[in-house]
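The following paragraphs lead the reader through one protein model, step by step. Please keep the sequence and the structure in view while reading.

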Amino acid sequence: MGKMTFVFEYEDGKEPPVNAGMEFMGGKIVAAAFRDALEEPEICNEIGPDPDYLEKIRSQL
């Protein structure tokens, strides 16, 4: 099964609702990022898992 990535830009507060299993242009949405995923670095400089990962995530909530 082929997968494609589309990026849409919306004005703040005018984003459409997104839900699991939603269809678009004949395909089903299987993942959505509620942030600008293109601004994230694609290269990971870390050799292994970060032992403080869970604590970092919890501090962002």
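A residue is called buried when its relative accessible area is under 20%, exposed when that area is over 50%, and partly exposed in between. The model considered here is a predicted one, and these words are applied to it throughout. Met 4 has a relative accessibility of 69% and therefore counts as exposed. Its place in the chain is the segment before β1, the strand that spans 23–24.

The overall plan may be described next. The protein contains 1 helix and 2 strands, and along the sequence these elements follow the pattern β-β-α. Strand β1 covers 23–24, while β2 covers 27–28 and α1 covers 53–60. The protein has 61 residues, and 0% of them count as buried. Its accessible surface comes to about 6,700 Å², and carbon and sulfur atoms account for 56% of that surface.

Which residues join Met 4 in a nonpolar patch on the surface? They are Phe 6, Phe 8, Tyr 10, Phe 24 and Met 25, and the patch as a whole has about 740 Å² of accessible area. Met 25 deserves a separate look. This residue is located in the loop between β1 and β2, and it counts as exposed because its relative accessibility is 71%. The phi angle of Met 25 is near 50°, which is a positive value in a residue other than glycine.

Two members of the patch, Phe 6 and Phe 8, also appear in the description of the largest pocket. Rolling a probe the size of a water molecule over the atoms shows where empty space is left. In this model the largest pocket holds about 1,500 Å³ of space. Its lining consists of 29 residues, and those nearest the centre of the pocket are Phe 6, Phe 8, Ile 29, Ala 31 and Ala 32. By character, the lining residues comprise 19 nonpolar, 3 polar and 7 charged.

The segment before β1 also contains Lys 3. With a relative accessibility of 70%, Lys 3 counts as exposed. Although Lys 3 and Gly 27 are 24 residues apart in sequence, their C-alpha atoms are 9.2 Å apart in space.

Other pairs of residues likewise link separate parts of the chain to Val 7. Leu 38 belongs to the loop between β2 and α1, and at 62% relative accessibility it counts as exposed. A distance of 8.6 Å separates the C-alpha atoms of Leu 38 and Val 7, which are 31 residues apart along the chain. Ala 37 lies in the loop between β2 and α1 as well. Is Ala 37 exposed or partly exposed? Its relative accessibility is 39%, so Ala 37 counts as partly exposed. Between Ala 37 and Val 7 there are 9.0 Å from C-alpha to C-alpha, and the two are 30 residues apart along the chain.

Charged side chains complete the tour. Side chains of opposite charge can pair when their charged atoms come close. How many salt bridges does the structure hold? The number is 1, and the partners are Lys 14 and Glu 11, whose closest N and O atoms are 3.6 Å apart. Both Lys 14 and Glu 11 are exposed.

How values were computed:
Residues numbered from 1 in each chain as written. Predicted model: local features only at pLDDT ≥ 70, side-chain atom pairs only at ≥ 80, totals over all residues. Heavy atoms only, no water. 1 Å grid on protein atoms, 1.4 Å probe; cavity = no way out; pocket = protein on both sides within 12 Å on 5 of 7 lines; lining within 4 Å. Points joined across faces, edges and corners; volume = space filled by probe spheres on them. Nonpolar A, V, L, I, M, F, W, Y, C, P; charged D, E, K, R; others polar. Patch = residues over 30% accessible without salt bridge, like charges linked within 9 Å, V, L, I, M, F, W, Y side chains within 5 Å. Areas by Shrake-Rupley, 256 points an atom, 1.4 Å probe, with all protein chains shown as cover. Salt bridge = Lys/Arg side-chain N within 4 Å of Asp/Glu carboxyl O. Helix = DSSP H or I, 4+ residues; strand = E, 2+ residues; numbered from the N terminus. Buried < 20%, exposed > 50% of the residue type's maximum accessible area, 1.4 Å probe, protein only.
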